[in-house]
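The following exercises ask the reader to work through a protein model step by step. Each task is followed by its solution.

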Amino acid sequence: MSHLFEFFGYPATDHSPEALRSAETKDCPFQAVGCTKKLLDVPTGACSLKQPSFSQPVIICPTRLYADNHQVLQDVADRAFFPGLPLIHGRQAVAAARASDKRVVAVLGKGSGGEMRLPQRSGGTGSYWVDWILALLHPDGSLDQFVAVEVQTADTTGNYLPSRQAMLLPGRPIVQSTAGVNWENVCKRIITQLVYKGQLLQREETCKNGLFFICPAPVFDRVMKRLGGREGLTSVHLQSHAITFMAYDYVSPEHRQDGTPIPLTLQTTHTTSVAKLQERFGNVELPEPNVYRDAIQAALSGEPNPNRARR
């Protein structure tokens, strides 16, 4: 069971005029347009989910990470290039660099000049997209170098519609739903994509600092657990074959106030190599031998499954 932790940008427990107005107008305080996360062609307003079994709420909408005018991208640019460089949308960045005779960062991505599409895999089976490109431009507007940025929140299973419908009623009652986080899907899909894109990017002459991966802190923790722990991913400095994890979480409760979306803060960063990530992904922990045989025999005999005792 779970319930919505944030609804149209504001905490579910926030009954302020700002929170009620945002739900009524189907607004999204983190982008210029309204909520684009749809369920049955209706804006869901579902930013994050809280499960009783998990201590932290989990962000389930990527747009939630774009608070404060995409501060996460500024954080990447500050780390990858130089602190404080202006981020400018698409081709406008070329003119801005020439007009100011200074370096700027061009932002290419959804709503900022089009998502960047990567070549299909060999044989045309499958293609991957990169969410953002941050390109450092010389004062004459030419390309100096770039980094790629992937943004990932949690996938859900089940149905949070009962929680959503209740939030639209007078008093915004918090109602439990069957929705949950599909952690295994997040891990297997994201890690595979990171390895593939990281391998592509390390062949790029002007991608000097690799790939950046932005995610909520619970997603980072789960990915690290799937990879056998952060300590197994050797730290490296920024370079073409690097992958930098940047995990964000909510500020502590004492810094929150009604009528304002909860601020996010950069909780942790970790830079490792594509090769080490690939190595750890393939080095899975296996159970004892013959777990399938034991489970089959238990199912056929009606006896208790011995695998349950091994968990």
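**Exercise 1.** Determine in which sense E12 and E15 pair, and over how many bridges.

*Solution.* E12 and E15 are parallel partners joined over four bridges; strands are said to pair if DSSP finds at least two bridges between them. Within this pairing, glutamate 150 has phenylalanine 213 of E15 as its bridge partner. The model is predicted: local features need pLDDT of at least 70, side-chain atom pairs count only at pLDDT 80 or more, and totals for chains, interfaces and linings use all residues. Residues are numbered from 1 along each chain as its sequence is written, and side-chain values use heavy atoms, with hydrogens and water left out.

**Exercise 2.** Describe how strand E11 is joined to E12, and state why E12 is described as largely enclosed.

*Solution.* Strand E11 (residues 132-137) runs antiparallel to E12, and six bridges join them. (Strands, E, of at least two residues and helices, H or I, of at least four are DSSP runs, numbered from the N terminus.) One bridge links tryptophan 132 with valine 149 of E12. Five residues lie between the two strands of this hairpin, where glycine 141 takes a positive phi near 90°. As to enclosure, eight of the nine residues of E12 are buried, so the strand is largely enclosed by the rest of the structure. Buried means under 20% relative accessible area, exposed over 50%, and partly exposed in between, with a 1.4 Å probe and protein chains only.

**Exercise 3.** Give the order of the open sheet of seven strands and identify its edge strands.

*Solution.* The order is E7-E8-E11-E12-E15-E16-E17, and the pairing is mixed. Strand E7 (87-89) and strand E17 (264-273) are the edges, each pairing on one side only. On average, neighbouring strands of this sheet are turned by 25° against each other, direction ignored. At the E17 edge, strand E16 (residues 242-250) runs antiparallel to E17 and is joined to it by nine bridges. Threonine 244, for instance, has threonine 271 in E17 as its bridge partner.

**Exercise 4.** Locate helix H5 relative to the strands and describe its crossing with helix H7.

*Solution.* First, H5 lies across strand E12 (143-151), strand E15 (211-216) and E16, and runs at about 160° to E15. Axes are lines fitted to C-alpha atoms, for helices over the stretch in contact, and angles run from 0 to 180 degrees between N-to-C directions. Next, the axes of H5 (residues 183-201) and H7 (residues 274-282) come within 9 Å and cross at roughly 145°. The residues making this contact (heavy atoms within 4.5 Å) include Ile191, Leu194 and Val195 of H5 and Leu277 and Phe281 of H7.

**Exercise 5.** State which residues have the most contacts inside the largest nonpolar core, and which element gives the most to this core.

*Solution.* A nonpolar core is a set of buried Ala, Val, Leu, Ile, Met, Phe, Trp, Tyr and Cys residues joined through side-chain atoms within 4.5 Å. The largest has 50 residues, and Leu194, Val223, Phe245 and Leu277 have the most contacts inside it. H5 gives the most, with eight residues. Valine 223 touches Cys187, Ile191 and Phe245, not counting residues up to four places away in sequence. A second, separate core of 27 residues includes Ile59, Phe81, Leu85 and Val147.
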